[in-house]
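Here are a few short exercises on pockets, with solutions worked through below each one. Have the structure open as you go.

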Amino acid sequence: MSVFLIIVALALLIAGAWRGISVLVLAPVLAMLAALVSGAPVLAGYTQIFMHATGGFVIAFFPLFLLGALFGKVMEASGAASRLALAIATALGSGNAILAIVLACALLTYGGVSLFVVAFAAWPLARALFVQTGLPARLIPATIALGAFTFTMTALPGTPSIQNAIPMATFGTTPFAAPGLGLIASAVMLGFGLVWLQMRVRRLDGAPAPKTSDAAPQASHLPLWIALVPILSVGVVTLAMGNFILPALDTSYLGDPVYGATDLARVKGLWSVITALTVALGLALILSRPPRMMQVLNAGAESALLPLFNTASLVGFGAVIAALPGFEALRQSLEGLSGGDVLISAALSSGALAGITGSASGGMSIALDVLGPSLSAQAAAQGVDPGLLHRVVAVATGGLDTLPHNGAVITLLAICGMTHREAYVDIFVVAVVIPTIACALIIGLGMMFGSF
């Protein structure tokens, strides 16, 4: 009965999001309803669990959301984002519209631009290219999702995404954890995703193209190198900070309780990403000089809030669910399915929570808060490299997170002017089914060959 209650709460969350109800309202209401039906104290569940988990997520990851949104807004307002996208589209040709949009989104997200900003920036280009080639409009959301919501979010080594940053504090890893397996997972997601979309193009032959007569978006006069340098700096600075600069500094003060009684291994990855995004933002401001700079920065700061609090609210929902008796029964069932293997256990538990919360970062945060120490201990006992565990958890949460109540899915469909009924099936395949297959593959490879 208690497990059934969790399923009902999740179903109601998905149904409400499908109908357009904000998760800021829906998540706490359903969390408290689940607590009430289960016999848990409702007010204590709200103030001591929901709000603590929501606030904890904001405290931990506000800098990444803020810097990502600021950087993305500057890239968008200066024309740098559209310049990069147009350069890729021009290089590949209009006949490869789907591949061009996917690669443009991938480059922007790997460069640190928030996937929400990428969705806004990619939509005009995607619409124009789909008009030119007569491709079905209903495939635009899945095309953008493949480039922005999948391999660059969880698998590609070095990505500054929040989903790649969260495991670093728990496992003492860097954004480049298990790079070989990350590249394999990325290739699977990209390759199979493109194959699926091309199959759908043939199957939907004759379906309506986007309703616009624009042949192409307005070209930016910004030189390509100016648009490219800030993006490239993210990976370079992240790598340099994590491997050379921070290890050379005296960080013994981190052992002081004032600074959380931690060590460099726990914060190195997060500090590297924060520094890289700060440098990229500075370069973008200096090189591209967007018009009305103060208004752009203000708008970027404000645009960070909705994605941050949507995700944090879903974290709160998941934390309440994780505190219910039914979740322990669900966790034990998943543990039984894993056969005691830490990689399978980590993938199942974090993936399930990502599905419950509709958020990879939210589900991952809860899973690592609750299970992180035990997973680390099991990995040490089984001789599993922490980098491998990092990559498996990241990829696992990037599958079931993209259910209909996912905030990025709702935002993307709204940007494209489509409903779940029209476009979600293809999003589900490229952002849920295929990433899940990729996760299973790297788990198998990790079990056979270890981390590489």
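**Exercise 1.** Work out how the lining residues of the largest pocket divide into nonpolar, polar and charged.

*Solution.* Keep in mind that this is a predicted model.
- Step 1: start with the nonpolar residues of this lining, and you get 20.
- Step 2: the polar ones come to 18, with Gly counted among the polar residues.
- Step 3: that leaves three charged residues.

**Exercise 2.** Find the volume of the largest pocket, then say what sits closest to its centre.

*Solution.*
- Step 1: the volume comes out at about 740 Å³.
- Step 2: 41 residues line this pocket, and Phe 65, Ser 114, Leu 115, Phe 116 and Pro 307 are the closest to its centre.
- Step 3: now look at the helices; those giving two or more residues to the lining include H3 (42-77), H6 (115-133) and H13 (293-323).
- Step 4: H13 makes the largest contribution, with seven residues.

**Exercise 3.** Do the second largest pocket in the same way: volume, central residues, helices and residue classes.

*Solution.*
- Step 1: its volume is about 460 Å³.
- Step 2: there are 24 lining residues, and Ala 60, Phe 61, Ile 166, Ser 365 and Asp 369 lie nearest the centre.
- Step 3: at least two lining residues each come from H3, H9, H12 (264-288), H13 and H16.
- Step 4: here H16 has the largest share, seven residues.
- Step 5: sort this lining by class and you find 18 nonpolar, four polar and two charged residues.

Terms used
Residues numbered from 1 in each chain as written. Predicted model: local features only at pLDDT ≥ 70, side-chain atom pairs only at ≥ 80, totals over all residues. Heavy atoms only, no water. 1 Å grid on protein atoms, 1.4 Å probe; cavity = no way out; pocket = protein on both sides within 12 Å on 5 of 7 lines; lining within 4 Å. Points joined across faces, edges and corners; volume = space filled by probe spheres on them. Helix = DSSP H or I, 4+ residues; strand = E, 2+ residues; numbered from the N terminus.
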